[in-house]
Amino acid sequence: MALQDPRAGPGAGENVLPAGSLSSGPLRDRLEFLRGFLRHPAQVGSVVPSSHRLEQRLVRSAAIAQARTVVELGPGTGGTTAAMLQAMPATARLLAVELDPNFHQHLQQQLDDPRLLLELGSAERLADFLAARRLPAPDAIVSGIPFSTMPPEVSDRIAAVIAQVLRPGGRFVAYQVRAHVADYASRYLGAPDKRWEVVNIPPVRVFTWVKPGDPSQAA
Ligand SMILES: C[S@@+](CC[C@H](N)C(=O)[O-])C[C@H]1O[C@@H](n2cnc3c(N)ncnc32)[C@H](O)[C@@H]1O
């Protein structure tokens, strides 16, 4: 079945929910996100999901339209996930790894797309998740997980596994309020491109790394 963007309205023939219903749609996503933040503020790192402008910036920075295998770390309530599914080729795959069981269950209920593979657990286990799904080296990895609040050894393990599994020439895109992710990922991937996305609550930095070694870029 085609992607159901949780923010899109119902199509012809679909059930129409009563006005103000919380069963689907952005208000329900926002409340679910806020509940997640109240449960684990440091782990979620924000009180509202990413803005549409940030979602579109991530899609462009990670070259999602050209990717065949995409990984998302920390999909939350699925706004960024839906934006990437919308931009991805029909034959691509998106592996989304979420630590919070409530968010994971919410994603299972809200996003119905055969290209989407959901895993519950820490991004530290990314190599195992890719192997279990028999996925090739990702072309793009997009992450919203808060590197500034995780224990340093966890942040380092996640940065190392990202660099290890990404294909040469692949992109790692991280959106963060603080710059800690750059310290960890630059050890493995070199210097990133840095931008601000100010149309977001709060404004965030968007870091983009391209893994060295793409044979098509050789002189
Ligand atoms: C800032 S939210 C981003 C949510 C969503 N992608 C968005 O932009 O609206 C960060 C997300 O990362 C998840 N997270 C935090 N640590 C994680 C980890 N080690 N592995 C996987 N997900 C993690 C949180 O549970 C939360 O859903």
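This is a short chat about a predicted model of a protein with a ligand.

Trainee: How many helices and strands are in the protein?
Mentor: Eight helices and seven strands. The model is predicted, so keep that in mind.

Trainee: What share of the residues is buried?
Mentor: Buried residues make up 42% of the 219.

Trainee: And the contacts? What part comes from residues 24 or more positions apart?
Mentor: They account for 69% of the contacts with a separation of 6 or more.

Trainee: Let's take α1. Which of its residues are buried?
Mentor: Asp29, Glu32, Phe33 and Gly36. They lie on the same side of α1, because they cover an arc of only 100° around the axis.

Trainee: Why would residues three or four places apart point the same way?
Mentor: An α-helix has 3.6 residues a turn, so that spacing brings them round to the same direction.

Trainee: What covers the buried residues of α1?
Mentor: The cover includes α2, α4 and α5.

Trainee: Which exposed residues sit on the face turned away?
Mentor: Leu27, Leu31 and Leu38.

Trainee: How far does α1 reach?
Mentor: Helix α1 runs from 26 to 39 and spans 20 Å from first C-alpha to last. That is close to the 20 Å expected.

Trainee: New topic, the ligand. Which residues come nearest?
Mentor: Of the 21 around the ligand, Pro49, Ser50, Gly74, Gly76 and Gly144 come nearest. Two or more shell residues each come from α2, α4 and β2.

Trainee: How do the shell residues divide?
Mentor: Nine are nonpolar, ten polar and two charged.

Trainee: Now the largest nonpolar core. How many residues does it have?
Mentor: It has 53. Ile64, Met84, Leu126, Ile162, Phe172 and Ala185 have the most contacts inside it. Helix α7 gives the most to this core, with six residues.

Trainee: What does Ala185 touch, leaving aside neighbours within four places in sequence?
Mentor: Ala185 is in contact with Ala159, Ile162, Phe172, Ala174, Pro192 and Trp209.

Trainee: Any backbone oddities? Which peptide bond is cis?
Mentor: The one from Ile201 to Pro202, with omega near -10°. Pro202 is in the loop between β6 and β7. Most peptide bonds are trans.

Trainee: What is phi of Ala63?
Mentor: Near 50°, a positive value in a residue other than glycine. Ala63 is in the loop between α3 and β1.

Trainee: And Arg134?
Mentor: Phi of Arg134 is near 55°, also positive. Arg134 is in the loop between α6 and β4.

Trainee: Is Arg134 buried or exposed?
Mentor: Exposed, because it has 6 C-beta neighbours inside 10 Å. Ala63 is partly exposed, with 17 other C-beta atoms within 10 Å.

Conventions
Residues numbered from 1 in each chain as written. Predicted model: local features only at pLDDT ≥ 70, side-chain atom pairs only at ≥ 80, totals over all residues. Helix = DSSP H or I, 4+ residues; strand = E, 2+ residues; numbered from the N terminus. Expected span 1.5 Å × (residues − 1). Buried ≥ 20, exposed ≤ 12 C-beta atoms within 10 Å, placed from the backbone. Arc of directions from axis to C-beta. Contact = placed C-beta atoms within 7 Å. Near = placed C-beta within 6 Å. Nonpolar A, V, L, I, M, F, W, Y, C, P; charged D, E, K, R; others polar. Core = buried A, V, L, I, M, F, W, Y, C linked by C-beta atoms within 7 Å.
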